[in-house]
Amino acid sequence: MTVLTGADLEIRTGEIVGIVGANGSGKSTLMNILVGVLEQDSGTVERTGTVGWCPQEPLLYDRLTVGETFRLFGSGYGMTAEEIDEAKHRLASKLDFEQYLDYRIDQLSGGNRQKINLSIALMHDPDVLMLDEPYTGFDWETYLTFWDLAEELAADGTAVTMISHLIEEQSRLDRIYEVRDGQVYDVTDQEGETDATASERGEETDE
Amino acid sequence: MNRVWTGIRANVSTFLRTPLNVVLALLLPIVVIEGWGQAMAGLPSMPTVEAIPIELGRLLGAIFGVAIIAGLMGLAQMISARAADRRLVQTGYPPRTLLATRLAALGGVTVVVAAVNYGVLWLTISPEAPVLTFVFLVLAGLVYAFLGALVGALLPRLFEGSLVVVFLAMMDAFLSGDSPLAADIPEFVEYFPLYHPKELLQEAMFQGTYTTGDLGFVAGYLLVLLVLVTVVFGVTMRTSGGWSA
């Protein structure tokens, strides 16, 4: 099955870029291709810098503790033990999961698991962040903390790309791409809501 | 941070924190060894069927016990972690290192499982060559651990994969074990995974010797399985290109 027939987009340093689209439109497929976990059938993807990827579902090892999870993924990033420890405490303090560092992943609530999922993407201070609905399950306070963090990172030069569904988030995004009918459209300057956000709310829109 | 040790520790922790694994590893040997031994020894109650000695039955039970547990562990380790493995590889963790850590942990678990089986076996039989007997029991387990890992990499569904491993191990132990219930055992049985480990084990146990040909066959079997599982795992973990720093 062909999900995407044409996708042309660029993600620049210091931007927060949103990818929107109706359910099943191919947003996650597009992100998986950009990250590199899925191979495109044709075309090219140029990637420079380091990437942090936060998938929609927490892809973690259920039987490991939070601390062990940081160690394992940190070793994947090539970080030293000290760097891993520093990142673990910094993110645990920021996202408020310090009390769960010795808990196993399968003992955490959905929201806390999502915090770890996001933290693994952030722990090595990547140049490009790829976030697939990273705030699923967050409480309001953590949701706001997440946005503060994303804005801080963008201000420091990180390119932040996220799949988003919420209309109110669009004012926080520097650019917005919409995935529709297998194509990717730049809808940044479009007035009002996109087809995708209207469709998410169950409204009919004109194509 | 050292990726190899971190990976091995993570894999061993995952194994130990799965209670079913530990229960199976500790209890199954008792049930299988004694059960298989008694079942084989009880065969004369059936007309025209000749029994095999109870000791040989117990030995076959031990091989089956090690093989089935190691095979299921290999299978489960590959399937349960598949999605997270892809993410770990995406961070830069080399797939071959990841596989090596998993197989190393699996090897360690197989040694422990073989030790438990050996211990249970030793309670009723005194092997002529104790060290060789233990080593060959480990080899039988390793063959099935790698086989389970291969099935897990090829067929990433726990239920279906478990059926494959369990039925294969049962048929393998049954046909490779000179069962009096199997009428005409075909010649290709000698290519079954447990055939040569069983020959090695039987010889070490009752005669205190071993045949180099059997050992070479088992080593070759392990090598082929290792190559296959490396190739299949590499394909399933392939990414479309990394990020340049």
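**Group meeting: chains A and B**

Okay, let's start where the two chains meet: 31 residues of chain A are in contact with 26 residues of chain B. Keep in mind that this is a predicted model.

Which elements of chain A supply at least two residues each to the side that touches chain B? That would be strand E2 (51-54), helix H2 (66-77) and helix H3 (81-95). H2(A) gives the largest share, eight residues. By class, the side of chain A that touches chain B splits into 16 nonpolar, 10 polar and five charged residues.

If you want one residue to click on at this junction, try B:Gln90. B:Gln90 sits in helix H4 (residues 82-90) of chain B. Leaving aside neighbours within four places in sequence, B:Gln90 is in contact with A:Val35, A:Gly36, A:Val37 and A:Trp53 over in chain A, plus B:Thr239 in its own chain. So is B:Gln90 buried or exposed? There are 23 other C-beta atoms within 10 Å of B:Gln90, and the cut-off for buried is 20 or more, so B:Gln90 is buried. For scale, the C-alpha atoms of B:Gln90 and B:Leu225 are separated by 26 Å, with their positions 135 residues apart along the chain.

Now chain B as a whole. It has nine helices and zero strands, so there's not much suspense in the pattern along the sequence, which reads α-α-α-α-α-α-α-α-α. Of the 245 residues in chain B, 45% are buried. And for the contact-map people: take the contacts in chain B with a separation of 6 or more, and 76% of them are between residues 24 or more positions apart.

Two helix pairs in chain B are worth a look. Pair one is helix H3 (residues 54-80) with helix H7 (residues 158-176): their axes come within 10 Å and cross at roughly 160 degrees. Anything over 145 degrees counts as roughly antiparallel, so that's what H3(B) and H7(B) are. The crossing is right-handed. On the H3(B) side the contact includes B:Leu60, B:Ile63, B:Phe64, B:Ala67 and B:Ile68, and on the H7(B) side it includes B:Leu158, B:Gly161, B:Val165 and B:Ala173. By class, the contact of H3(B) with H7(B) has 14 nonpolar, three polar and no charged residues.

Pair two is helix H1 (residues 3-16) with helix H5 (residues 95-122): here the angle is about 45 degrees and the axes are 8 Å apart. H1(B) and H5(B) are therefore oblique to each other. The crossing is right-handed here too, with H1(B) passing H5(B). Among the residues making the contact are B:Arg3, B:Gly7, B:Ile8 and B:Phe15 from H1(B), and B:Leu98, B:Arg102, B:Ala105 and B:Gly108 from H5(B). The class count for H1(B) with H5(B) is eight nonpolar, five polar and two charged.

Back to H3(B) for a second. In soluble globular proteins, nonpolar side chains tend to be buried together. Here, the largest nonpolar core has 128 residues, and H3(B) contributes the largest share, 17 of them. The residues with the most contacts inside that core are B:Ile63, B:Val66, B:Ala67, B:Leu137, B:Ala140 and B:Val143. Beyond its neighbours within four places in sequence, B:Ile63 is in contact with B:Ala140, B:Ala173, B:Leu194, B:Pro197, B:Lys198 and B:Leu201.

Last stop, three residues in chain A. A:Ala159 lies in strand E4 (residues 159-163) and counts as buried, with 22 C-beta neighbours inside 10 Å. Setting aside neighbours within four places in sequence, A:Ala159 is in contact with A:Ile11, A:Arg12, A:Thr13, A:Gly14, A:Glu15, A:Asp127 and A:Val128.

Then the two for anyone who checks backbone torsions. A:Asp96 has a positive phi of about 65 degrees although it isn't a glycine. You'll find A:Asp96 in the loop between H3 and helix H4 (110-122) of chain A, and with 15 C-beta neighbours inside 10 Å it counts as partly exposed. A:Asp125 also has a positive phi, near 50 degrees, and again is a residue other than glycine. A:Asp125 is in the loop between H4 and strand E3 (128-132) of chain A, and with 16 C-beta neighbours inside 10 Å, A:Asp125 counts as partly exposed.

That's my tour, over to you.

Notes. Residues numbered from 1 in each chain as written. Chains lettered and ligands numbered in written order. Predicted model: local features only at pLDDT ≥ 70, side-chain atom pairs only at ≥ 80, totals over all residues. Axes fitted to C-alpha atoms, helices over the stretch in contact; angles between N-to-C directions. Helix = DSSP H or I, 4+ residues; strand = E, 2+ residues; numbered from the N terminus. Parallel < 35°, antiparallel > 145°, perpendicular 65-115°, else oblique. Left-handed = near helix turned anticlockwise from the far one by under 90°. Contact = placed C-beta atoms within 7 Å. Nonpolar A, V, L, I, M, F, W, Y, C, P; charged D, E, K, R; others polar. Buried ≥ 20, exposed ≤ 12 C-beta atoms within 10 Å, placed from the backbone. Core = buried A, V, L, I, M, F, W, Y, C linked by C-beta atoms within 7 Å.
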